[in-house]
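Biologist: Please take a close look at one side chain and the residues around it, and then relate that picture to other parts of the chain. Please state each cut-off where you use it.

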Amino acid sequence: MRFGKVVIGILLAGLGALLLAQSLGYLPAGVWPWLIKFWPYLLLAFGFALLANALKNVVIGVIAVALVIVCVAFGAFWISLYSKTTKTEHMTSIDLEKPPVHAVTVQARAVAGSLTVSADPTVRHAIVLNAHGVAGEEFASHRWNASQGSGLLVWPARFRITEPGLVGGTFRVRAPPRTMIRLGLTSYFASTTADLRELRPEQCDVRAVGSSVRMLVGADRPSKIRVHGSLSNIEIRLPANCPARVECTSPIVLRSLPDDFSERSVGSARGKEWAADGPGKPVSIVVEGPFMRVRVVREPVKAL
């Protein structure tokens with residue numbers, strides 16, 4: 001069986017259906033940029049199909065065909081849900097003075113949209129939440145608990161990967177500069193940015209599946225950045241002289257590191273580690289999961 005032809009046939013049929021839906025006005029705006037994010041899955045499907053033909057292995061061929069069918073079916077399912085959502089914007093704020101809160105833990109999630117966490121100098125004594133492209137206020141709501149100087153923010157409060165009101169939504173968390181913060185972010189087929197340069201991050205944990213994650217670290221560096229998942233592109237920007245350790249627990253990871261990083265031996269047989277020296281405590285960057293692309297970039301040295 002020529003699995004390569006089957007894969008190409010399914011893809012052409014799916015593409016033709018999308019073009020027909022667009023010409024008839026059934027395709028909502030913003031679909032094509034979202035669908036482009038699925039190219040790693042299609043690349044895997046083509047690779048499996050070619051491998052199945054070369055080895056004459058039916059099992060690998062069936063996996064390739066099933067992967068393409070799942071991608072097309074999920075894309076159609078997402079479009080049907082996304083077309084039902086409204087394009088309104090919701091904004092709310094959380095007071096950090098009543099009761100007084102000095103450290104905040106943020107657990108934010110996004111599905112096929114975008115998520116941004118950053119500091120905003122215009123925000124004073126409050127965390128501001130903006131949600132755009134969700135079905136209603138119930139999907140932009142949050143949970144907030146504060147006690148003994150610490151606060152826990154869960155946003156959105158209602159979250160499921162198949163929730164039609166959340167798919168394709170844009171979420172933004174803005175905090176006052178110098179806020180002590182811990183991040184627990186979840187990104188499914190989404191674009192996630194954490195700009196920590198004006199915040200005081202302690203730890204960052206990101207679960208990324210089919211997503212693009214970008215983290216910017218400043219002078220107040222977190223002790224650990226953990227990224228786990230699969231099929232995601234990770235970019236971490238560090239200060240010019242920031243010491244760091246990068247550990248990859250899966251062999252199927254593409255790495256791009258600055259020249260001052262060198263491979264070091266680790267105590268366990270699990271994964272590999274690269275390190276760069278510098279003043280202060282190093283940032284521990286741990287990448288867990290297969291088919292990940294990790295790129296570490298240093299900010300240029302500022303001229304005096």
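Modeller: I begin with a polar contact of 2.9 Å that joins the side chains of Arg298 and Asp260. A polar contact here is a pair of N or O atoms within 3.5 Å; within protein, one atom must be able to donate a hydrogen and the other to accept it, and residues adjacent in sequence count only if both atoms are side-chain atoms. The model is predicted, so local features need pLDDT of at least 70 and side-chain atom pairs count only at pLDDT 80 or more, while totals for chains, interfaces and linings use all residues. Residues are numbered from 1 along each chain as its sequence is written, and side-chain values use heavy atoms, with hydrogens and water left out.

A polar atom of the Arg298 side chain also lies 3.4 Å from the backbone oxygen of Ala240. Arg298 belongs to strand β19, which covers residues 292–298; helices (H or I, at least four residues) and strands (E, at least two) are DSSP runs numbered from the N terminus. Arg298 counts as buried because its relative accessibility is 16%, buried being under 20% relative accessible area, exposed over 50% and partly exposed in between (1.4 Å probe, protein chains only). Beyond its neighbours within four places in sequence, Arg298 is in contact with residues including Leu238, Pro239, Asn241, Cys242, Pro258, Phe261 and Ala276, where contact means heavy atoms within 4.5 Å.

Just before β19, the loop that follows β18 (283–288) holds Phe291. Phe291 is not a glycine, yet its phi is positive, near 55°. Its relative accessibility of 38% makes Phe291 partly exposed. A second case is Arg178, whose phi is about 70° although this residue is not a glycine either. Arg178 sits in the loop between β7 and β8 (180–188) and, at 49% relative accessibility, is partly exposed. As background, most residues other than glycine have a negative phi, and most peptide bonds are trans.

Cis peptide bonds deserve the next look. Trp155 and Pro156 are joined by one, with omega at about -5°, and Pro156 lies in the loop between β6 and β7. The bond from Lys98 to Pro99 is also cis, with omega near -5°; Pro99 is in the loop between β1 (88–95) and β2 (103–111).

Trp155 leads on to the aromatic rings. One aromatic pair is found in a search of the whole structure. Trp155 and Phe171 form this pair, edge-to-face, with 5.1 Å from centre to centre and 90° between the planes. Rings of Phe, Tyr and Trp (its six-membered ring) pair if their centres lie within 6.5 Å; planes under 30 degrees apart count as stacked, over 60 as edge-to-face and the rest as tilted. Because Trp155 lies in strand β6 (residues 150–155) and Phe171 in strand β7 (residues 170–175), the pair ties together parts 16 residues apart in sequence. Both partners are buried: Trp155 has a relative accessible area of 1%, and Phe171 one of 2%.

Phe171 is also among the residues touched by Ser114, along with Gly169, Thr170 and Ser191, when residues up to four places away in sequence are not counted. Ser114 is in strand β3 (residues 114–119) and counts as buried at 19% relative accessibility. The side chains of Ser114 and Thr170 share a polar contact of 3.5 Å.

After β3, the loop that leads to β4 (126–134) contains His125, partly exposed with a relative accessible area of 46%. His125 and Pro176 are 51 residues apart in sequence, yet their C-alpha atoms are 6.5 Å apart in space. Other contacts of His125, leaving aside neighbours within four places in sequence, include Ile94, Asp95 and Leu96. A polar contact of 3.3 Å links the side chains of His125 and Glu97.

Finally, the chain as a whole. It has five helices and 19 strands, and 47% of its 304 residues count as buried. Among contacts with a separation of 6 or more, 66% are between residues 24 or more positions apart. The accessible surface comes to about 15,400 Å², of which 58% belongs to carbon and sulfur atoms; areas come from the Shrake-Rupley method with a 1.4 Å probe, and for residues only the protein chains shown count as cover.
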